[in-house]
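Here are a few short exercises to work through with the model open. Try each task before you read its solution.

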Amino acid sequence: MTTTATPESWLAEAARLRALFARNAVANDQTGGQPLAQLRLLKDSGLLTIGVPVAYGGGGASWSTILRVTRELAKADGSIGHLYGYHANFLHNLLTQASEDQRRDWLTRTVAGNWLWGNSVNSFSHSLFGRREGDGWLLNGRRPFSSGTHVADAITIAWEDEATDARHFAAVTPDRAGLAILHDWDGFGQRQTGSGTVTYDNVRIHDSEVFANPDLAGTPFATLGPLHQQSVLLNVFIGQAIGALEEAKDYTRTKSRPWVYSGHDRHSDDPWVKRVYGELHIRLRGAELLADSALEALNGAWAKGPALTATERGEAAITVAAANVHAGEVALDVTQRIFEVMGARSATRANGFDRFWRNVRTHTLHNPAEYKTRNVGHWVLTGEFPEPGTFQ
């Protein structure tokens, strides 16, 4: 486990893990299921607790550092980048939604146990309901797309009040009576994220476990969670695209054969191949720079704390939305066009290059770019920022 505590050391540790994950990335993608070997390495690295504030025993890393770690891990393994980023996202939610007593309880236990967080909060399923009973709630139903629950030490959950439809959040450990993790995720991409179903059979939640922070409720600062989630997504996209382009470049240099009519002895000498790689590099570099700008926007908004204004929050939301849209579009382009310049022999299961496109395609579908693009366009035309919501 790393004993240093600087952004540079954390990023160096992420790069070390990236190299280790790359060795078995193709086999792990094809196996699916639980990424237990990767999780052991991730826990040993110390990176799971860098996002916990120093006051609770963590490293106090900035969100930009955490998301750069996410990007680095995703270069080799999109599922691990996804799980790591979402883990940080739910620590973020504790800091903006939970009371001080709840934060101290959960975050100190996270550090002491070196925990990984997952979630069961899917916004659209409307399939988990709670009813009041005594000093708490009884939950019944199910939640799909519960990423990370298959390996999590703690889980953020959300349900609707069956009487009022009001939404509530809490955290539990996976051994809570009546909670069952089905391990039924079968996506063709992100195959080790465990984004399957969790069922609830009279799961009891005590009032003391329901997140409540009246001092932050209704403030723009309390609505930064979606911007963090969007930032996780875009950095997974960027990481996967970088990884894909680097692996393709190595394959083209060492294994690709020149086309019979190219007039060149080496495939990499073909002007067409050079142009495609040039285009992909330029597009990806632009997406990286926009992604970096979004990281700084998120850092700046977070630094304002409860003093953050609606305008400042809106400015950050536009930057993050633009970066998310561009990152997704560029990642889809890079991860499918690399095959054109690697050649027919690259398209085998043994090579596993298709995992990059499958991962990006699967992840982008959970948050359609169309609606973020419209939000940016509406702001361009009217100057009005998007209303804070689940995805914006």
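Strands here are DSSP runs of E with at least two residues, and they are numbered from the N terminus. One thing to keep in mind: this is a predicted model.

**Exercise 1.** Find where His126 sits and work out whether His126 is buried or exposed, or in between.

*Solution.* Start with the strands: His126 lies in the loop that links β1 (117-120) to β2 (128-133). Next, look at the backbone: His126 isn't a glycine, yet its phi is positive, about 45 degrees. Now the cover: partly exposed runs between under 20% (buried) and over 50% (exposed). His126 has 40% relative accessibility, so His126 counts as partly exposed.

**Exercise 2.** Do the same for Asp165: which loop holds Asp165?

*Solution.* Asp165 is in the loop between β4 (154-161) and β5 (167-172). Its phi is positive too, near 70 degrees, in a residue other than glycine. With a relative accessible area of 39%, Asp165 is partly exposed.

**Exercise 3.** Which side chain makes a polar contact with the side chain of Arg204?

*Solution.* First place Arg204: strand β7 (residues 198-206). Then list what Arg204 touches, leaving out residues up to four places away in sequence: Glu133, Asp135, Trp137, Leu138, Arg176 and Glu209. From these, pick Glu133, whose side chain makes a polar contact with that of Arg204 at 2.7 Å. Arg204 is itself partly exposed, at 28% relative accessible area.

**Exercise 4.** Which residues form a nonpolar surface patch with Tyr261?

*Solution.* Tyr261 sits in the loop between α7 (225-254) and α8 (271-304). Tyr261 is exposed, because its relative accessibility is 71%. Its patch partners are Trp259 and Val260, and together the three have about 460 Å² of accessible area.

How values were computed. Residues are numbered from 1 along each chain as its sequence is written. This is a predicted model: local features need pLDDT of at least 70, side-chain atom pairs count only at pLDDT 80 or more; totals for chains, interfaces and linings use all residues. Side-chain values use heavy atoms; hydrogens and water are left out. Patches are made of residues with over 30% relative accessible area and no salt bridge: like charges are joined within 9 Å, nonpolar side chains (Val, Leu, Ile, Met, Phe, Trp, Tyr) within 5 Å. Accessible areas come from the Shrake-Rupley method with a 1.4 Å probe; for residues, only the protein chains shown count as cover. A salt bridge is a side-chain nitrogen of Lys or Arg within 4 Å of a carboxyl oxygen of Asp or Glu. Helices (H or I, at least four residues) and strands (E, at least two) are DSSP runs, numbered from the N terminus. Buried means under 20% relative accessible area, exposed over 50%, partly exposed in between (1.4 Å probe, protein chains only). Contact means heavy atoms within 4.5 Å. A polar contact is a pair of N or O atoms within 3.5 Å; within protein, one must be able to donate a hydrogen and the other to accept it, and residues adjacent in sequence count only if both atoms are side-chain atoms.
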